[in-house]
Amino acid sequence: SFGLILLLAAQPSGSNASTARAEAYYHFSLAQQAKRQGKAEDALDELRKAQKSDPRSAVIRTEQAAVLRELNRIDEALAAAREAVRLDADDAKAHLVLAHLFIMKADSGATLADLKSAALQYEEVVRLDPDDAQTLRTLATLYGQLNDLAGAAKAWERYLATEPGDLDAYLRLGALYLAKGETDRAAATFKQALDVDPGSAPTYAKLADVFDKAQQLEQAILHYRKALEIDASDLRTRLVLGDVLLRANRPQEALAEGEAVLQADAKNLEGLVLKGSALRDMKELPAAEAAADQALALQRGDLRAAFLRITILESREDHEAALSELERLLARDRRGESQASHNDRVFWLHLAMAKRQLKKYSEAAAALAKANEAGDPDPRLYASQMEALALAKEYGKALEVAKAARARFPEDSALGIQEAMVWQEQGDTARAQALLETLRSKAPQDGEVLLRL
């Protein structure tokens, strides 16, 4: 075997060395034979004897690690593999076995540190063999598990250099670019995927995702429809297309996609929410409410359906009822909810809208503060909070918010304008004008600043 060839090549010259080499070779051969017969303990015993004859052989240590792995003696296997790598840092198999052991340890409930250690060992394997496509693919997947988008993208790039016809790899790489916000590279990668398979519906859908993220809604719609021409049964693509059509203010077309989903699956909750949303935007509110109720009957407490009901109430201008529903949602049990903070921000914003419509300005400001706490601070939320407090004639509190906001976003002119309006409302015209002049000096072409002067 290749291991035996390496074992022989590693031996020093001389009569004593020749004897040791022969003994190591003999025991290594017996270990291989025992391993083929499924006698792992016997194989391990022979490998110990081989190691005694040649204690500096990385090949023997690597084989020991492999057998110990079969016996599920992971800690001992790790020790053997680490020693193999120490003895010969250029032994690709030793690095590969060590990587596999770290993965096994991670799978048994260990920390992310083991996955990171595995990635380091796989990197060593591809350093020694840059064309090892299987290891590159494994490495790319592993970086994905570690949420290392840059590392995963680089590994997929290297993999595709060796396997340029792998459609799945192009789709994975393009999705990574999209997740990193590199829409141009994502689009180019998906176009390469279409060169590999011009009839790939998933590739058209992925390319549509890129256009969607870039806010090129017409191109997104075009490519989602191209995907559906190839595979009309893809409900996920229909649902996403429907959402894009809603955002493009094309509710009738969105309704058609929702109906198509429900024709294929009458109990599809997302299809019902899409249908209800389209009907809401078409001002067919009783039918929209019926769709929302049907969705809630399928899955009580579903946030999408519950929020649809709230937006229908807003469309009816029933702000008291909307407020009540929003307060109930904000008091919900959040256990197991993957996007609780994002959902809370949306709900707090709509609560603030309802409070404002009911002229409860101080409470609206408090809701906007909660919305800002539910995610990364947003200067627009600070500005809206200041405006609500000014409407409540709580100018001191509004200026306190302004001070905190300007400390976070000193170059945001909209915040400066809103602060100036607060000073104006409070009656300090000179202070307001001075602030606007300062803003104009920093941005002479800012139309909003010029408008206020």
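**Exercise 1. Where is the place of Lys283?**

Solution. Welcome to a predicted model, and to a residue that makes a good warm-up.

Step 1. Look along the chain: Lys283 sits in the loop between H16 and helix H17 (285–298).

Step 2. Check the backbone. Lys283 is not a glycine, yet its phi is positive, at about 65°.

Step 3. Check the surface. The relative accessibility of Lys283 is 62%, so it counts as exposed, given that exposed means over 50%.

**Exercise 2. Work through Lys393 in the loop between helix H22 (379–391) and helix H23 (395–408). Is Lys393 buried or exposed?**

Solution.

Step 1. Start with the backbone: Lys393 has a positive phi of about 60° and is not a glycine.

Step 2. Then take the accessibility. With a relative accessible area of 60%, Lys393 is exposed.

**Exercise 3. Describe the overall build of the chain. How many helices and strands are there?**

Solution.

Step 1. Count the elements: the chain has 26 helices and zero strands.

Step 2. Compare the chain with a globule. For 453 residues the globule rule gives 22 Å, but the radius of gyration is 32 Å, which is well over that value, so the chain is more spread out than a compact globule.

Step 3. Look at the extents. The C-alpha trace spans about 105 × 55 × 45 Å along its principal axes.

Step 4. Turn to burial and surface. Of the 453 residues, 47% are buried. The chain exposes about 23200 Å², with carbon and sulfur atoms supplying 49% of that area.

Step 5. Ask how far contacts reach. Take the contacts between residues at least 6 apart in sequence: 47% of them join residues at least 24 apart.

**Exercise 4. Examine helix H14 (residues 235–247). Why does its end-to-end distance agree with its number of residues?**

Solution.

Step 1. Get the expected span. With 13 residues at 1.5 Å a residue, H14 should span 18 Å. The multiplier is one less than the number of residues.

Step 2. Compare. The end C-alpha atoms of H14 are 19 Å apart, which agrees with the expectation.

Step 3. Inspect the N-terminal end. Asp234 caps H14 there, with a side-chain oxygen 3.2 Å from the backbone nitrogen of Arg236.

Step 4. Find the buried residues. Among them are Thr237, Leu241, Val244 and Leu245. As background, an α-helix has 3.6 residues a turn, so residues three or four places apart point the same way.

Step 5. Name the packing partners. The buried residues of H14 pack against helix H12 (201–213), helix H13 (217–230), helix H15 (251–264) and helix H16 (269–281).

Step 6. Move past the helix: just after H14, Asn249 takes a positive phi of about 60°.

**Exercise 5. Explore the salt bridges. How many does the structure hold?**

Solution.

Step 1. The structure holds 45 salt bridges. Side chains of opposite charge can pair when their charged atoms come close.

Step 2. Take a pair between helices. Glu63 and Lys35 form a salt bridge with an N to O distance of 2.7 Å. This pair links distant parts of the chain, 28 residues apart: Glu63 belongs to helix H4 (residues 58–70) and Lys35 to helix H2 (residues 15–36). Glu63 counts as buried at 5% relative accessibility, whereas Lys35, at 28%, counts as partly exposed.

Step 3. Try a loop-to-helix pair. The side chains of Arg73 and Glu41 meet at 3.3 Å, N to O, in a salt bridge. Arg73 is in the loop between H4 and helix H5 (74–87) and Glu41 is in helix H3 (residues 40–53), so their bridge ties together parts 32 residues apart in sequence. Both count as partly exposed, Arg73 at 24% relative accessibility and Glu41 at 46%.

Step 4. Look at Arg332 and Asp344, whose closest N and O atoms are 2.8 Å apart in a salt bridge. Arg332 lies in the loop between helix H19 (319–330) and helix H20 (340–357), and Asp344 lies in helix H20, so the pair ties together parts twelve residues apart in sequence. Arg332 counts as buried at 13% relative accessibility, and Asp344 is buried with a relative accessible area of 10%.

Step 5. Join pairs through shared partners: salt bridges connect Lys35, Glu63, Glu70 and Lys93 into one network.

**Exercise 6. Which residues does Asn372 touch, leaving out those up to four places away in sequence?**

Solution.

Step 1. Place the residue: Asn372 is part of helix H21 (residues 361–373).

Step 2. Judge its burial. Asn372 has 8% relative accessibility and so counts as buried, the cut-off being under 20%.

Step 3. List the neighbours. With residues up to four places away left out, Asn372 touches Arg345, Pro377, Asp378, Leu381 and Tyr382.

Conventions
Residues numbered from 1 in each chain as written. Predicted model: local features only at pLDDT ≥ 70, side-chain atom pairs only at ≥ 80, totals over all residues. Heavy atoms only, no water. Helix = DSSP H or I, 4+ residues; strand = E, 2+ residues; numbered from the N terminus. Buried < 20%, exposed > 50% of the residue type's maximum accessible area, 1.4 Å probe, protein only. Contact = heavy atoms within 4.5 Å. Polar contact = N/O pair within 3.5 Å; in protein donor to acceptor, adjacent residues only side chain to side chain. Rg over C-alpha atoms; globule rule 2.2 N^0.38 Å. Areas by Shrake-Rupley, 256 points an atom, 1.4 Å probe, with all protein chains shown as cover. Salt bridge = Lys/Arg side-chain N within 4 Å of Asp/Glu carboxyl O.
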